[in-house]
Amino acid sequence: MTPGPDQVPSARAPAAPDRLWAPGSRLLVVGVFGLMTFVAFEVFAVTTALPVVARDLGAERWYSLAFAATMTTGLVGMTLGGTWADRSGPLRPLVFGGAAFLLGLALCVAAPTMGVFVVGRLLQGIGGGIDSVVLYVVIARSVREDLRPRMFGSLTLAWLLPSVVGPLVSGLLVQAVHWRVVFALVLVGSAVSLVMLVGVARRAGKGHGGGSPFDPRLLWAGVAAAALLGLHLSGQQAVPALVAGTVASTAVLAAAAVRLLPPGTLRARAGIPRLVLLRALMGGAVSATDIYLPPYLQYELGYAPAVSGLVVAVGALGWAGGAWWQGRSAEDPHRPEPLYLAAALVVCGPVGAALVVGGLLPVAAAAVCCVVMGVGMGIAMPRVSSTVMTLSPVKLQGRNGSALQIAESVVTSALVAVAGAVLTASSLGGYLPVYALVGAVALAALGVTLTLRPVRGPVDGPSGEEGGAPHHGGGDGVEGSR
């Protein structure tokens, strides 16, 4: 096939090593794993440290804003990072995003007031959002296609240890030293990892250089962030305002999502849109299952916070097992059959939680279901990410990588907010309808997997340039042509 304008040789990286730990790729693996580990540690550690920060700075009323700041600006960062990486290559956005992230951490370390601390959190969201997308582009250009599932599996593993020990370690640091040490630790570790990645990004090739430097999707990212904030605020109101605010915010969010994501994503259009939707539904179902189990166990059953957190934390073992298995499987990494199994395993999470809430299973079963659900996500996440990168023309790797993360962030935040509204409004065992809602989302993801077909290569043509289905007709459009 003759390279089209979206596959120009200047945008391609040099030949990738044939092993992840080969001399030419060690720096990439260590840098990516290190950066994601410290970013994940900050995400999980802040849940323990933030109440102390708010009290120490005398601004408890700013707690919610400080917590949600990174999520809000992260959407903008993800959108900006994808377009920028496609246009200029990964180096400049990686450096800019890394600088913003490190500056935000430095402000948190030195913050004399809560206002400065919140500004730091906002910068962390922008920088982290940019770099999380740019890393996808770096991986797509620096790692061979057959090794990408294992590389994306390492990203999954990088989140697991922090999810288990992050809250505990940060709690010990807060008690024994100071909450500022938590952010200082992330600052130093992230800086070292970013220095490693700069050299890798420099060798990953340039962008296509075309298009307007301003992406109108940035405006829609801001609209989506505002709608998500509206959803969370609506869930705290009395029932009439709760319903009106939830409906209005959901409508605005859907309108923004249509413009942020590949065309046809909300309709599960064949190709990249369907895979983007699949990751979003699975990620949202897993996050919501995990988020609402601890309060149920604490408030309804009287479990201690450490025990309730442990029930969810053991799910990380499942993630590790699933990611390890898929990374070492000898089969074609883009065959859809393992995703059928993965989605079925994810359904076990909310269904098991619903049975525990309904009194049909003991609490121990919830921990088992979280592990099973984790296995499903450990299998699915690397495969979906790798397949989207395989289907993406070079000039759209950043855009489609950002779509994966934006979609998951939007669906997760929206589902958690709507589930919170259901919990607030319900007077009949509120947690049961919550898990019915989350279970429906997981079943929708299972339905999407049943429509997938094998992937054979990158998508070309006008539809492919938008991340859609191949233009050649046949099949369901998930297949590409070389």
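Residues are called buried under 20% relative accessible area, exposed over 50%, and partly exposed in between; this scale applies to the predicted model shown in the views below.

**View 1. A nonpolar surface patch that includes Leu355.** Val351, Leu355, Leu360 and Leu361 together make a nonpolar patch of about 320 Å² on the surface. Leu355 belongs to helix α12, which runs over residues 337-357. Because its relative accessibility is 32%, a value that falls between the limits for buried and exposed, Leu355 counts as partly exposed.

**View 2. The salt bridge between Arg121 and Glu42.** The side chains of Arg121 and Glu42 meet in a salt bridge with an N to O distance of 2.6 Å, and this pair links distant parts of the chain, with the two positions 79 residues apart in numbering. Arg121 is placed in helix α4 (residues 114-142), while Glu42 is placed in helix α1 (residues 26-56). Is each partner of this salt bridge buried or exposed? Arg121 has a relative accessible area of 2% and is therefore buried, and Glu42, with a relative accessible area of 6%, is likewise buried because its value is also under 20%.

**View 3. The salt bridge between Arg279 and Glu408.** Here the side chains of Arg279 and Glu408 meet in a salt bridge, at 2.8 Å from N to O. The two residues lie 129 residues apart and link distant parts of the chain, Arg279 being in helix α9 (residues 272-300) and Glu408 in helix α14 (residues 397-425). Both Arg279 and Glu408 are buried. The structure holds two salt bridges.

**View 4. The backbone at Ala268.** Ala268 is found in the loop between α8 (239-260) and α9, where this residue, although not a glycine, has a positive phi of about 55°. For context, most residues other than glycine have a negative phi.

**View 5. The chain as the setting for the close-ups.** The chain contains 16 helices and zero strands, and 54% of its 482 residues count as buried. Among contacts in the chain with a separation of 6 or more, 81% are accounted for by residues 24 or more positions apart. The accessible surface of the chain comes to about 18,900 Å², and carbon and sulfur atoms contribute 69% of that area.

How values were computed:
Residues are numbered from 1 along each chain as its sequence is written. This is a predicted model: local features need pLDDT of at least 70, side-chain atom pairs count only at pLDDT 80 or more; totals for chains, interfaces and linings use all residues. Side-chain values use heavy atoms; hydrogens and water are left out. A salt bridge is a side-chain nitrogen of Lys or Arg within 4 Å of a carboxyl oxygen of Asp or Glu. Helices (H or I, at least four residues) and strands (E, at least two) are DSSP runs, numbered from the N terminus. Buried means under 20% relative accessible area, exposed over 50%, partly exposed in between (1.4 Å probe, protein chains only). Patches are made of residues with over 30% relative accessible area and no salt bridge: like charges are joined within 9 Å, nonpolar side chains (Val, Leu, Ile, Met, Phe, Trp, Tyr) within 5 Å. Accessible areas come from the Shrake-Rupley method with a 1.4 Å probe; for residues, only the protein chains shown count as cover. Contact means heavy atoms within 4.5 Å.
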